[in-house]
Every structure is written in structure tokens, then in C-alpha cells.
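Colleague: I would like a close look at one pocket and its lining. Please then place it against the rest of the fold.

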Amino acid sequence: MFGGRSAEHDVSRASAANVLRSLIADRYEVTLIGITRDGRWIVADAGNGAGTGAAALTIPDDGPQLTLLPGGQGRALVMESTAAGVRETPPFDLVFPVLHGPNGEDGTVQGVLELSDVAYVGSRVMGAAASMDKDIAKRLMRDAGLPIVPFVAMSASSPIGYADAVRALGSPEVFVKPANMGSSVGVSKARNADEFETCCRLALRFDRKVLIERCVAPVREIECAVLEDASGDIRASQLGEIVPAGKHGFYSYDAKYLDAEGAALQVPADVPSPLADRIRELAISTFRVLCCEGMARIDFFLSGEQIFVNEANTLPGFTNISMYPKLWEASGLPQSELMDVLVGHALARHRASRNLAFRRE
């Protein structure tokens, strides 16, 4: 399942192409479900072939629409665009959401899949929703004693002025970002009141709630991949570092996806072993505090030897330049085997959830 209604629609299409390439053909029978920008679920097999060469999957605007049946255990109805009408598909064993941002990574689609009683990859509603909202996630991490960068939150109806933000955060330089967005969409840096107003307007284009964080400098951006298997064992990968090009200043959307020389990815990161071990411990702690399941990429800021947890991504990018699969490959887990672990976890969790439901009855 890919595409979606968020500003990360195109990133999702690129991630899905890479996931499709990584699924072993004689093990999985795949149906592609593309979600259009206006929210329609489209059977997108036509035109995507085996997906082995596409940089990004496409969604045919006039393709047949699909809907999962509530309680249907993977059964779905397909509404043909021709006179053929409505047909029922064989039940899906599992859904793999490859969706980034709101209306996909935030618990909404996960809720639909729960009500449909079908196994699916990744965090459930609570973990997805809590991790997606940076304000809520940081409050939970702060209450759990995890190290985070000082922040305040605001909305259009309850704005915060630059002077108040500076006093609260203790820094004249701040980052302003949408609370519910990823891929650095809408993120910008403010150093004065005029820039702050511009940054807030930008962030409010993408979300009703905005996060304002103290700027920490100098800083390194370190990432760690976390994976949970079918037995519930949680492990952390080697670390990776993102080194943005000087012209971008930080790891912006343009640096990630539009500029081929926007950043360098270093795997493994050059971090001393005791510090790296502490970061991996914090990654697993963050995974648990935010109720993540299956997978997450935990992002950190490293200033000298001071570690800050930045955020958790419960459906991290799977593009050919994305850090999550690269970190597991560097840790000895090829992407095809990573897919097997994620699928195995999803199926085992669904079986356990159904057994629990039956015991309650």
C-alpha cells in the first residue's frame, strides 16, 4: 500500500518500488494498492509490472477502486471502472503499508487495517499515532527520562511569539517544524523575529500544530534502525550518519530527495564504541516508550558526547538512498531477509491478537 494524501506521496511511491523489488517473487503474491492524493484506494498492478526497474511506482487515476471489508480478515471488494461491477478478491494474508506522513503513518490506516482484521507490517494505532505527533512523542520521551532537545508547541489559534520562544528555549536560533510531518517537509531555521514569522507560516501550511526547538550546534545527525521479530526480540542496527552539504545547512527535504549531492550517508557512523552502544540502548528504549512495533528508525542529535533523541519514524523510507535498509544491510541483514522478518512479525502478532480476542470472549 503506497502513495497517500500527505506531502510525502512521491517519497512513498519510491519506497514502494524498492520494497517490491525486495520481496522474493516465489514467496509472495503481491497486489499493489495505490492511494491517490485525494484518498482513493486504487488497484495499481497495471503499468508497474514486476517493479524491478521502476524508480517509483505509479497509480493509475482511472484504475479500479478497492476497499477492505470490516471484519473481513483480508477480504476486499474491487469496484471496476467498467460495467463489470463489483467483485470480491481472495483474502489478503497481510498488508504492507509503505506510507509516509499523515493519513498513513499516523495510525489512521492502521485503524482501518485493525477493523478489517488483517495482519499488517509496522506499528499499530498507538505507536504510529504517538510517534507521528512530535509534540506528543517528545512529551512521552521527556516523561520517561530520555534526553531530548528543549521545545515548545504552538498552533494558529494559540501562537507563540519569537521573544517568548527564545525565552522558553534559551536560544535565539530555533528550528520550526510541523508536528505531524516527515522527510523534513516544512522544516526551517529562524534567527530573528522576521524569519520566525516566515518559518511559522511555512510549517502551518502542512499542519495545525507546530513544534519549535532549540537549535543545537555543532551537531551530528545519527540514525539507528530498530527491528522486532516474530518472537518479540527487539534489536538495534549499526549507526549511520547524515552529513548535509554546507549549502543546505541541515538535512532538508531538498537535501534528501532533490539534490543528488545534498548529503553524504556514512554507514557505519564514526562514533566511539561506548557512545554507539549508548545510542543503540536509547533507540530501543525510545521504541518501547512510544509503543512502536515491528520497525522504526530512531533519529538522534549528537553534540560532542551529548546525545539527544530527535524522533521516531515508524514507517521509515525504503528508497534506494534511505537509511533504514542501508543500516540493516551494514548489520548483516540483506533487504530481502529484512522483508521476511517484518512479514513474520506481522503475521505472528496478528495470530496472537486474534487468540487474545477469542480468550476474552
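Modeller: Helices here are DSSP runs of H or I with at least four residues, strands are runs of E with at least two, and both are numbered from the N terminus. The model is predicted, and the pocket I will take is the second largest, with a volume of about 720 Å³. Its lining comprises 29 residues, and the closest to the centre of the pocket are Glu29, Val30, Thr31, Phe92 and Leu94.

Which elements supply at least two residues each to this lining? They are helix H1, strand E6 (86–89), strand E7 (94–95) and helix H10 (335–360). H1 provides the largest share, three residues. By class, the lining of the second largest pocket is made up of 23 nonpolar, two polar and four charged residues.

H1 spans residues 9–22, and one of its residues, Asp10, reaches another part of the chain. The side chain of Asp10 forms a salt bridge with that of Arg37, at 2.8 Å from N to O. Arg37 lies in the loop between strand E2 (33–35) and strand E3 (41–43), and the two partners are 27 residues apart. Asp10 itself is partly exposed, because its relative accessible area is 36% and the partly exposed class runs between 20% and 50%.

That pair is one of 25 salt bridges in the structure. In another, the side chains of Glu293 and Arg124 meet at 2.9 Å, N to O. Glu293 sits in the loop between helix H8 (273–289) and strand E16 (295–303), whereas Arg124 sits in the loop between strand E8 (119–120) and helix H3 (125–132), so this bridge ties together parts that are 169 residues apart in sequence. Is Glu293 buried or exposed? With a relative accessibility of 14%, Glu293 counts as buried. Its partner Arg124 has a relative accessible area of 29% and is therefore partly exposed.

A further bridge joins the side chains of Glu195 and Arg191, at 3.2 Å from N to O. Glu195, at 25% relative accessibility, is partly exposed, and Arg191, at 46%, is also classed as partly exposed. Elsewhere, Asp133, Asp135, Arg139 and Lys209 are joined into one network by salt bridges that share partners.

Lys209 carries the number at which strand E12 (residues 209–214) begins. E12 pairs with strand E9 in the antiparallel sense, over five bridges. In this pairing, Phe151 stands opposite Glu213 of E12. E9 covers residues 151–155 and is largely enclosed by the rest of the structure, because four of its five residues are buried.

Burial is also found in helix H9 (residues 323–330), where Met323, Tyr324, Pro325, Leu327 and Trp328 are buried. After H9 comes Gly332, with a positive phi near 95°.

An enclosed space can be set beside the open pocket. How many cavities of 30 Å³ or more does the structure hold? There is one, and the volume of the largest cavity is about 70 Å³. Its lining consists of Glu8, Glu105, Ser131, Met132, Lys134, Met181, Gly182, Glu311, Ala312 and Asn313. H3 and strand E17 (306–313) each contribute at least two of these residues, and E17 gives the largest share, three residues. In class terms, three residues of the cavity lining are nonpolar, three are polar and four are charged, whereas the lining of the second largest pocket has 23 nonpolar, two polar and four charged residues.

As for the overall frame, the protein chain contains 10 helices and 17 strands. Its C-alpha atoms occupy a box of roughly 60 × 50 × 45 Å along the principal axes. For 361 residues, a compact globule would be expected to have a radius of gyration near 21 Å; the chain has 21 Å, so the two agree. Of the 361 residues, 54% are buried.

To return to the pocket: H1 gives the largest share of its lining, and Asp10 of H1 is linked to the loop between E2 and E3 through the salt bridge with Arg37.

Technical notes. Residues are numbered from 1 along each chain as its sequence is written. This is a predicted model: local features need pLDDT of at least 70, side-chain atom pairs count only at pLDDT 80 or more; totals for chains, interfaces and linings use all residues. Side-chain values use heavy atoms; hydrogens and water are left out. Buried means under 20% relative accessible area, exposed over 50%, partly exposed in between (1.4 Å probe, protein chains only). Two strands pair if DSSP finds at least two bridges between them. A salt bridge is a side-chain nitrogen of Lys or Arg within 4 Å of a carboxyl oxygen of Asp or Glu. On a 1 Å grid over the protein atoms alone, a cavity is a set of points where a 1.4 Å probe fits but cannot get out, and a pocket is an open set with protein on both sides within 12 Å along at least five of seven lines; lining residues have an atom within 4 Å of a point. Grid points are joined across faces, edges and corners, and a volume is the space filled by probe spheres set on the points. Ala, Val, Leu, Ile, Met, Phe, Trp, Tyr, Cys and Pro count as nonpolar, Asp, Glu, Lys and Arg as charged, and the others, Gly among them, as polar. The radius of gyration is taken over C-alpha atoms; the globule rule is 2.2 Å times the number of residues to the power 0.38.
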